[in-house]
Amino acid sequence: MRVFIIGAGTMGRGIAEVFASQEAHVWLYDPYETALRQAQALVDKYPNHIALTSTLPDTLPHSVVLEAVPEEMELKRQVLLQLSERIGSDTIVTTNTSALSVHGLAQGLPYRERFLGWHFFNPAPRMPLVEVIPTQMTAPEVTEQSLSLLRSIGKVPVIAPDLPGFIVNRIARPYYVEALRLAERGDISPKVIDKLMEGLGFRMGPFRLMDLIGIDVNHAVTQRVWEGLFYPIRFRPSWLQAQKIAAGRTGRKVGRGFYEYDKRD
Ligand code: NAD
């Protein structure tokens, strides 16, 4: 199987590893040198299965093309439109969006019957769940193919509706938002909140988890869910996250977020 991944960030790299570990041939594309530098360790680990590129080829005769660029509607639409003249007639094109409307992304795409959401979770090699989000334009056989393909690489695909945050990010949102709301008050620290939640049995407290996800990514997802649900107060994004982003403290990927880390990723 040949897979082309657009965006070599946290998710692009994780998903590349998922496919490479199952003997697929993966091309990882990112126009930014720093992202490709970070991805080099993956090529060293899977030299026969992962190749990096900084240019988008003219033809993409791959079974799957997966988009994993930042959570911005216009950027993703631009990237998806660029694929129109490049993909093969059997290629499935997927988006890893966390919370944008898959219908919105599909609008105007000439290949929209072969387009749908595949939402992997972080870290992709360790998390079995993948939400599969077809649109009303997705051909039923493409959804079926997606389910069997994802099962064949050891994942557990679940069909999710194209609603803001799909299933998991919708239900998980209050975990982050309420924790941020408490921390905004200034008299309870992220560390204490994490300790309490981890003591209760959660694998990671909300702040440690936001650092893992990327504070910028988590904030963008909250914004998209909040907008998509017409601004309910319970999903209001936090200024605490906006300040971290402005200060460049976007989490583990840069070595600092709510916590400090010794080395990147
Ligand atoms: P990231 O910021 O780590 O990576 C994004 C990558 O896209 C960067 O390497 C960047 O250089 C690259 N990029 C930017 N513009 C590009 C372009 N025009 N063409 C190709 N590459 C481009 O972000 P991420 O955490 O990997 O998130 C990617 C997507 O996956 C987002 O939609 C996000 O919501 C979703 N997602 C993230 C998580 C998570 O926990 N981080 C989980 C599930 C889904």
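**Ligand surroundings, salt bridges and a nonpolar surface patch**

In the predicted model, a polar side-chain atom of N122 is placed 3.2 Å from an oxygen atom of the ligand. The protein covers 88% of the 830 Å² of accessible area that the ligand has on its own, and the elements that contribute two or more residues to the surrounding shell are α1 (10-20), α3 (73-82) and β6 (115-120). Of these elements, α3 gives the most to the shell, with three residues. The shell around the ligand is made up of 15 nonpolar, eight polar and four charged residues, and of these 27 residues M11, D30, E71, K76 and S98 come nearest to the ligand. Further polar contacts with ligand oxygen atoms involve K76, through a polar side-chain atom at 2.7 Å, and G9, through a polar backbone atom at 3.3 Å.

Two of the residues that come nearest to the ligand, E71 and K76, also belong, together with E67, to a network of salt bridges. In general, side chains of opposite charge can pair when their charged atoms come close. The salt bridges of the model number ten, and three further pairs may be described individually. The side chains of E198 and R208 meet with an N to O distance of 3.0 Å, and this pair links distant parts of the chain, with E198 in helix α7 (residues 190-200) and R208 in helix α8 (residues 206-213), ten residues apart. Both partners count as partly exposed, E198 because its relative accessibility is 27% and R208 because its value is 29%.

A salt bridge contained in one helix is formed by E227 and R224, at 3.2 Å from N to O; both residues lie in α9 (residues 215-228), three residues apart, or about one turn of the helix. With a relative accessibility of 32%, E227 counts as partly exposed. In the salt bridge between E260 and R249, the closest N and O atoms are 2.7 Å apart. Both E260 and R249 lie in the segment after α10 (239-246), so the pair ties together parts that are eleven residues apart in sequence. The two partners fall into separate classes, since E260 counts as exposed at 58% relative accessibility, whereas R249 counts as buried at 18%.

On the surface, V156, V158, I167 and I171 make a nonpolar patch of about 330 Å². Of these residues, I171 is located in helix α6 (residues 168-184), and I171 counts as exposed because its relative accessibility is 65%, a value over the 50% cut-off for that class.

Methods
Residues are numbered from 1 along each chain as its sequence is written. This is a predicted model: local features need pLDDT of at least 70, side-chain atom pairs count only at pLDDT 80 or more; totals for chains, interfaces and linings use all residues. Side-chain values use heavy atoms; hydrogens and water are left out. Patches are made of residues with over 30% relative accessible area and no salt bridge: like charges are joined within 9 Å, nonpolar side chains (Val, Leu, Ile, Met, Phe, Trp, Tyr) within 5 Å. Accessible areas come from the Shrake-Rupley method with a 1.4 Å probe; for residues, only the protein chains shown count as cover. A salt bridge is a side-chain nitrogen of Lys or Arg within 4 Å of a carboxyl oxygen of Asp or Glu. Helices (H or I, at least four residues) and strands (E, at least two) are DSSP runs, numbered from the N terminus. Buried means under 20% relative accessible area, exposed over 50%, partly exposed in between (1.4 Å probe, protein chains only). A residue is near a molecule or strand if one of its heavy atoms lies within 4 Å of it. A polar contact is a pair of N or O atoms within 3.5 Å; within protein, one must be able to donate a hydrogen and the other to accept it, and residues adjacent in sequence count only if both atoms are side-chain atoms. Ala, Val, Leu, Ile, Met, Phe, Trp, Tyr, Cys and Pro count as nonpolar, Asp, Glu, Lys and Arg as charged, and the others, Gly among them, as polar.
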